[in-house]
Amino acid sequence: MSTSIVVAVIVLALAGMAIGWRARQRRQSHVPRPLAVPAEIGAVLASADVFYVATTVAGQPLERIAVGGLGFRARATVTVAERGIVLGIAGEPEAFFPAESLRGVERATWTIDRVVETGGLILIAWTLGTTEVDSYLRVAEQADPTPIIEAVERLLDRSQTHGSEAS
């Protein structure tokens with residue numbers, strides 16, 4: 001009898017999680033999938049193996065984006081190139097963040113269900129369609145995140161310079 005109750009509670013919990021995830025995806029149906037990687041991304045500025053933690057609505061580190069392959073934590077690679085950032089999440093098509101969509105980069109300590117040492121995460125702020133989002137990455141064990149952060153900062157400097165020239 002008690003085993004049946006435990007199994008029923010587990011089944012109900014799993015069903016509730018699935019229903020909640022589908023509801024989140026419906027609420028975010030206006031958020032497009034990330035762009036496919038273009039044929040030419042320019043010279044590679046930096047690359048690293050990372051742990052993809054999450055993409056959240058900007059300024060809301062508990063509001064996970066659940067569409068376009070961005071919903072689950074996984075091993076990944078990040079490549080910062082002259083035209084943007086390529087994020088290769090295991091089991092998902094590669095995503096491209098164009099340089100002009102980037103809004104900022106900084107170190108972070110926590111998001112959703114992940115807390116690390118101070119500054120242990122890289123937060124890349126960018127715009128997906130019309131939605132401002134923050135993507136969180138953790139560089140693989142014992143690796144220095146500085147080259148990735150500096151490469152993204154160079155992209156930001158370039159896009160701000162080009163943006164002011166166009167004005």
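Author: A polar contact is a pair of N or O atoms within 3.5 Å. The structure discussed here is a predicted model.

Reader: Which backbone oxygen does the side chain of Ser101 reach?

Author: Ser101 is found in the loop between E4 and E5. The distance from its side chain to the backbone oxygen in question is 2.7 Å, and the cut-off for a polar contact is 3.5 Å. The residue that offers this oxygen is Pro98.

Reader: Does Ser101 count as buried or exposed?

Author: The term buried applies under 20% relative accessible area, and exposed applies over 50%. Ser101 has a relative accessibility of 10%. Leaving aside neighbours within four places in sequence, Ser101 is in contact with Ala125, Trp126 and Thr127. Because its value is 10%, Ser101 counts as buried.

Reader: In what order do the seven strands of the open sheet stand?

Author: The pairing in this sheet is antiparallel. E4 and E5 stand at the edges, each with a single partner strand, so one side of each has no neighbour in the sheet. Neighbouring strands are turned against each other by 30 degrees on average, direction ignored. The order is E4-E3-E2-E1-E9-E8-E5.

Reader: How many bridges join E8 and E9?

Author: These two strands form a hairpin with two residues between them, and Gly129 in the turn has a positive phi of about 70 degrees. Within the pairing, Ile122 has Leu137 in E9 as its bridge partner. E8 and E9 pair in the antiparallel sense, and the number of bridges is seven.

Reader: Which residue in E8 stands opposite Gly104?

Author: E5 and E8 run antiparallel and are joined by six bridges. Gly104 faces a residue of E8 across this pairing, and that residue is Ala125.

Reader: How many of the eight residues of E8 are buried?

Author: A residue is called buried under 20% relative accessible area. E8 is largely enclosed by the rest of the structure, because the number of its eight residues that are buried is seven.

Reader: Which residue in E3 stands opposite Ala81?

Author: E2 and E3 run antiparallel, with six bridges between them. Opposite Ala81, the residue in E3 is Gly84.

Reader: How is the aromatic pair of Phe97 and Trp126 arranged, with 15 degrees between the planes?

Author: A search of the whole structure finds one aromatic pair. In this pair, Phe97 and Trp126 lie 3.7 Å apart, centre to centre, with 15 degrees between the planes. Planes under 30 degrees apart meet the cut-off for this class. The arrangement of Phe97 and Trp126 is therefore stacked.

Reader: How many residues apart are Phe97 and Trp126?

Author: Both Phe97 and Trp126 are buried. Phe97 belongs to strand E4 and Trp126 to strand E8, so that the pair links distant parts of the chain. The separation is 29 residues.

Reader: Which element supplies the largest share of the largest nonpolar core?

Author: The largest nonpolar core has 34 residues, of which Ile85, Leu102 and Ile124 touch the most other members. Elements that each supply at least two residues include strand E1 (44-57), strand E3 (84-89) and helix H2 (146-166). The largest share is six residues, and the element that supplies them is H2.

Reader: Which residues of H2 does Ile85 contact, among its partners Val152, Leu155 and others?

Author: Leaving aside neighbours within four places in sequence, the contacts of Ile85 include Phe97, Leu102 and Ile124. Helix H2 spans 146-166. The contacts of Ile85 that fall in this range are Val152 and Leu155.

How values were computed:
Residues numbered from 1 in each chain as written. Predicted model: local features only at pLDDT ≥ 70, side-chain atom pairs only at ≥ 80, totals over all residues. Heavy atoms only, no water. Core = buried A, V, L, I, M, F, W, Y, C linked by side-chain atoms within 4.5 Å. Buried < 20%, exposed > 50% of the residue type's maximum accessible area, 1.4 Å probe, protein only. Helix = DSSP H or I, 4+ residues; strand = E, 2+ residues; numbered from the N terminus. Contact = heavy atoms within 4.5 Å. Polar contact = N/O pair within 3.5 Å; in protein donor to acceptor, adjacent residues only side chain to side chain. Pairing = 2+ DSSP bridges. Phe/Tyr/Trp six-rings, centres within 6.5 Å; stacked < 30°, edge-to-face > 60°. Axes fitted to C-alpha atoms, helices over the stretch in contact; angles between N-to-C directions.
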